[in-house]
Every structure is written in structure tokens, then in C-alpha cells.
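Got your viewer open and a selection box ready? Load the model, and let's walk through it one stop at a time.

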Amino acid sequence: MRRYLGMCASVLLLSACSGSEPTAVGLSTRVGAAKSTASVPRQSEQRLTLSNGITVERVRLSVKELELELEGDDDDDGSNDAGTADDHGGERKDETGPFLIDLSGAGLEGTVVQLRDVQVETGTYDEIEFDISKVSVDDAGDNAGLKEMAERGASIIIDGTIDGEPFSFVSSLTVEQEREASFEITAEDTQNVTINIDPSGWFTGSSGGRLDPRESGARSDIENNIKNSIDAFDDDDRNGGEDHDDDNGGDHHGGEDDED
């Protein structure tokens, strides 16, 4: 699998289709350079210091939905009689969400942070869909962190300092993207999917200048950088690197990018 955009969970329940036994798949996340197993250099104060006077101390993302689509599993009549798996025009997908990614301290040091295990149907999957967007208070349920995001109308919150002064970048960015992939989930082996987040370019403009998160004029460029900083891939050994290259796919298709 190549680049796909798309970052603790209140409700993580993947629907299992009938016809095969469900199996556990780990869901993890990591902060570090994209497509690299190299860790971010450890910061003694457990924060991520960029090269332009900006320090990132906490990153929160509201993931409304993560979907895995089974390869070639389209129903001719558009109906779905396979358990409780979601059906989009005949496409059978296992899905989970909403959930919150909340990283600070050691979670910003390049290590793989395990979120939890989820249940999916065994089989070969050929697409990942990823939706980062704000959720309603009702959908947040009893997850206090996700509820706070909902109450603030936020899908992304980045806390840190710029030139030593604190800032909080709050965005209602909505991004829906698809990534073509090919990976097999079996009952015998340990499976894992890692969401990689690379903040190194969030606050850098196309000309190389600094984007100030406190200035409204920089918002669009920062959000676009965030949109292009996230990757998701199979990472069964949980080392933060993709297990297999996908020579037949790896394309990602951007969807909506809105700010309400």
C-alpha cells in the first residue's frame, strides 16, 4: 500500500459479515516522518519541537469512521444479507467509529501507540476509507475526550507553543479519502493497521516560510498540510513502517475538504 490520507476510542465495533469467522485486528497510531520506520528524536520534555520555533505538545483528531472494503465483494442486486456489515451500493465494508486519537507526551516520540483491537471479517481487502470530521455530542457517547471535541465543534485540535507563547489550533476540517490497497486478514496471524501522522510540515508554507497557527490567513494552508500528512497501512509487526508495497494500487482519492 502506498500513501493514503486521510489520525483511544469510545466506540470501536467493526461489523463482521457472515460466511467467515471474525478475527481481531489491532489499531495503532504513530507520530513520525511519513513512510519511514525511523522514530522522531526523543524530546526530553516529551514534546515535538519543529525547526521553525513551533513546538507541538498535544494532537487530537476526531475520526468519524474508518472502513475496510472486502476485495471483489459486490452484490449484484445491491442488497446485503451478510450480517451487520455496512453496504454502500453493494460494496461490503467493515467499519469502525467514531473514535478519538489523542497524543501527547511519549506519544509524540515516534513510538507506535496501540489504540485497541477491533473485530473484522477474514479475507482480502482492497480499499481503506478514512473520514476525519467533527461528530455530534450524541455520537460521542460517554467518551469525555470525544465529547469535548464535539462540544467545541472540532475535528482537529493542536496545542503547542510558538516562540514560547502557547497556541491552540482548532479546526472543523472535514476530509473523506479513499486508499486503494491489497492486504489479507487471516485468523492465524496477528494483524495490525497503523495510522501514521507526520506533523513536520504542518506549519510550513509552500515557499518554506512559517505558517503562524494564530493567524486566520494561514488556516487554509495549515489544514491542507494536515490533510496530506496522514497515512494508513498494514503494520503487523507494529514497527511503524508499512509491511508490503502495493504495486497494483496505493492510490488515494481525496473527498470533501470543508470547514463549517
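Two strands pair if DSSP finds at least two bridges between them. Helices (H or I, at least four residues) and strands (E, at least two) are DSSP runs, numbered from the N terminus.

Some ground rules before you click. This is a predicted model, where local features need pLDDT of at least 70 and side-chain atom pairs count only at pLDDT 80 or more, while totals for chains, interfaces and linings use all residues. Residues are numbered from 1 along each chain as its sequence is written, and side-chain values use heavy atoms, with hydrogens and water left out.

**Stop 1: the whole thing**

Show everything as a cartoon: you should find three helices and 14 strands. Half-and-half is the theme for burial, as 50% of the 260 residues count as buried (buried means under 20% relative accessible area, exposed over 50%, partly exposed in between, with a 1.4 Å probe and protein chains only). Switch on a surface and you are looking at about 11400 Å² of accessible area, 40% of it belonging to carbon and sulfur atoms (Shrake-Rupley method, 1.4 Å probe; for residues, only the protein chains shown count as cover).

**Stop 2: colour by confidence**

Colour by pLDDT, the predictor's confidence in each residue, from 0 to 100. The mean for the protein is 75, and 71% of its residues reach 70 or more. Where does confidence bottom out, and where does it peak? It is lowest in strand 4 (residues 86-88), with a mean of 44, and highest in strand 10, at 97. Select 75-90: pLDDT is below 50 there, though the stretch has 33 contacts in the model beyond near neighbours in sequence (contact means heavy atoms within 4.5 Å). Residues 245-250 also have pLDDT below 50, with 13 such contacts. Where pLDDT is low, the predicted coordinates should not be read in detail.

**Stop 3: a hairpin**

Now select strand 9 (156-162) and strand 10 (165-171). These strands are antiparallel and pair over seven bridges, and they form a hairpin with two residues between them. For one rung of the ladder, pick T161, which stands opposite P166 in strand 10.

Zoom in on the turn and click D163. Its phi is positive, about 55°, although D163 is not a glycine. Now show its side chain: D163 meets R210 in a salt bridge, 2.9 Å from N to O (a side-chain nitrogen of Lys or Arg within 4 Å of a carboxyl oxygen of Asp or Glu). That pair links distant parts of the chain, 47 residues apart, with R210 in the loop between strand 12 (191-197) and helix 3 (219-227). R210 is partly exposed, at 37% relative accessible area.

**Stop 4: more charged pairs**

Side chains of opposite charge can pair when their charged atoms come close. A search of the whole structure turns up seven salt bridges. Select E148 and R60 for another one, with the closest N and O atoms 3.5 Å apart. This is a long-range link too: E148 sits in helix 2 (residues 144-151) and R60 in strand 3 (residues 54-74), 88 residues apart. Is each partner buried or exposed? E148 is partly exposed at 32%, whereas R60 counts as buried at 3%.

**Stop 5: helix 3**

Move on to helix 3 and show E223 and R219, whose side chains meet in a salt bridge (3.7 Å, N to O). Both lie in this helix, four residues apart, about one turn. E223 is buried at 6%, and R219 is partly exposed at 23%. Before leaving salt bridges, add R152 and D159 to your E148 and R60 selection: bridges with shared partners join these four into one network.

Back on helix 3, select its buried residues: I222, E223, I226 and K227. They cover an arc of only 140° around the axis, so they sit on the same side of helix 3 (the arc is that of the directions from the helix axis to the C-beta atoms).

**Stop 6: strand 13**

Finish at strand 13 (230-234). In a regular strand the side chains alternate between the two faces of the sheet. Which residues of strand 13 are on each side? I230, A232 and D234 are on one, D231 and F233 on the other, and all are buried. Next to it, strand 12 pairs with strand 13 in the antiparallel sense over five bridges; I197 has I230 as its bridge partner.

Last click: R238, in the loop between strand 13 and strand 14 (252-258). R238 has a positive phi near 55° without being a glycine, and at 27% relative accessibility it counts as partly exposed.
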